[in-house]
Amino acid sequence: MTENDDVDRVMYARNQQYKYSKEPVTGGQPITVEQAKALRLTVFGACDTPPRGEWLRTGFVFREPEKELSYGLRARRNGTRGMQTAIQGYILKHLLFTNTNNSCMKPSKQQQLDALCKSITEVLWKIGDNEKVIVCLPQEKSYVAHSLNYFQDNVTEKLHLFELTNIEDLEIFLKRYLHLFQDDPGPGSLLLLYSAVLTRGLSKIVSDLMDEKVYLISSAEEGSICIVTLMLTGRATPNLHNGIVNIGDEQHYAIPHYGILARSEVGLLVHYEETCTPVQVTQIPGSRLKTPSYPIWITCAKGHYGILFNTNRELLRNHLAERRYRAIHIL
């Protein structure tokens, strides 16, 4: 299958006002042995042992449409929850503030699919610096053999990589294969994470983490904060402060710690467990996370993720309304 064939299919889909379907995956470039191993190492920290199983069987699944809470994903309390909650933030953005039919708290099935597709599109496009996205989708054939150096997970070694350089084409492409992200059980969460990592670039992800011995999927029960910041800001940074802070002492040169470089559309609030270990300045969310563009916040309280939102966007444009909102929730 050639690159021109992929382009022709995208153009045909655009001309036909392509809708959601469940077509088999065709085209793309098969993953190489080196790419598969590097991907597993960067994400899981090893490629010769089984990855965390929840990533292989957790998709993006909505609650029943046109009901109470039908805007919400069924985010399980496992390692995928942090990323799923971040995507939930963007879903709320599209349902509440970019929907041409006004806010929708009881979306139909079609509205759920539209919000999920637009959210994944927006997240990946941001991670790709508005230039290029690589989407990972599985096929049947395995390209990496099981060995002492590589433990097959039935997903990574079967990936095909699709490169898209136009946001409209990306959204059409995701409509075509959105069902692969929604299968439950299915590897939808892992497919999105892999796509985000390859779009950002393996070397940039390692640089974002600031430690070659650290990897994206940590031992945290509901997922690493770095996965959340990758989805919200396009960078997998563990630092939540504004801008750049140089940290050092008399015995060490100051090292720049890159935090949040621009105001986030969806915010992040963190509550740490009270311990004897002081919270570093870089772990405290700055104003670019605390006052996002939309009144939607991902919350992380003692490692457990949730979401806080308000249907009134004016909340963040009026300091009096913001103070009333905070007072209500403090009570």
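In this predicted model, Arg81 has a relative accessibility of 13%, and because the limit for a buried residue is under 20%, Arg81 counts as buried. Arg81 forms a salt bridge with Glu222, and the closest N and O atoms of the two are 3.4 Å apart. Arg81 belongs to helix 3, whereas Glu222 sits in the loop between helix 7 (202-209) and helix 8, so the salt bridge ties together parts that are 141 residues apart in sequence. Glu222 is buried as well, its relative accessibility being 0%. Together with Arg77, these two residues are linked in a network of salt bridges.

The count of salt bridges comes to 10. Among them is the pair of Arg40 and Asp153, whose closest N and O atoms are 2.9 Å apart. This pair links distant parts of the chain, since Arg40 lies in helix 2 (residues 33-44) and Asp153 in the loop between strand 2 (133-138) and strand 3 (159-164), 113 residues apart. Both Arg40 and Asp153 are buried. Another salt bridge joins Arg76 to Asp184, with the closest N and O atoms 2.9 Å apart. Here, too, distant parts of the chain are linked: Arg76 is found in the loop between helix 2 and helix 3, and Asp184 in the loop between helix 5 (167-182) and helix 6 (188-200), 108 residues apart. Arg76 counts as partly exposed at 37% relative accessibility, and Asp184 counts as partly exposed at 38%.

Attention now turns to the sheet. Three strands form an open sheet in the order 6-7-8, with mixed pairing. Strand 6 (267-271) and strand 8 (304-309) occupy the edges; each has a single partner strand, so one side of each is left without a neighbour in the sheet. On average, neighbouring strands of this sheet are turned by 25° against each other, direction ignored. Strand 6 and strand 7 (residues 296-301) run parallel and are joined by five bridges. Within this pairing, Leu269 stands opposite Thr299 in strand 7. Helix 3 (residues 81-96) packs on the sheet, where it touches strand 7 and strand 8, and its direction makes about 10° with that of strand 8. Helix 8 (residues 225-233) also packs on the sheet and touches strand 6, strand 7 and strand 8; the direction of helix 8 makes about 160° with that of strand 6.

In soluble globular proteins, nonpolar side chains tend to be buried together. The largest nonpolar core of the model comprises 80 residues, of which Val135, Leu193 and Met231 touch the most other members. Helix 4 (residues 109-127) supplies the largest share of this core, nine residues. Apart from neighbours within four places in sequence, the contacts of Val135 include Leu124, His160, Phe162, Phe173 and Ser195.

His257 lies in strand 5 (residues 252-258) and counts as buried at 16% relative accessibility. Residues up to four places away in sequence not being counted, His257 touches several others, among them Met210, Asn239, His241, Val245 and Thr282.

Finally, the cysteines were examined. The structure holds zero disulfides. Cys117 is buried, with a relative accessible area of 1%, and Cys136 is likewise buried at 0% relative accessibility.

Technical notes
Residues numbered from 1 in each chain as written. Predicted model: local features only at pLDDT ≥ 70, side-chain atom pairs only at ≥ 80, totals over all residues. Heavy atoms only, no water. Disulfide = S-S within 2.5 Å. Buried < 20%, exposed > 50% of the residue type's maximum accessible area, 1.4 Å probe, protein only. Pairing = 2+ DSSP bridges. Helix = DSSP H or I, 4+ residues; strand = E, 2+ residues; numbered from the N terminus. Axes fitted to C-alpha atoms, helices over the stretch in contact; angles between N-to-C directions. Contact = heavy atoms within 4.5 Å. Core = buried A, V, L, I, M, F, W, Y, C linked by side-chain atoms within 4.5 Å. Salt bridge = Lys/Arg side-chain N within 4 Å of Asp/Glu carboxyl O.
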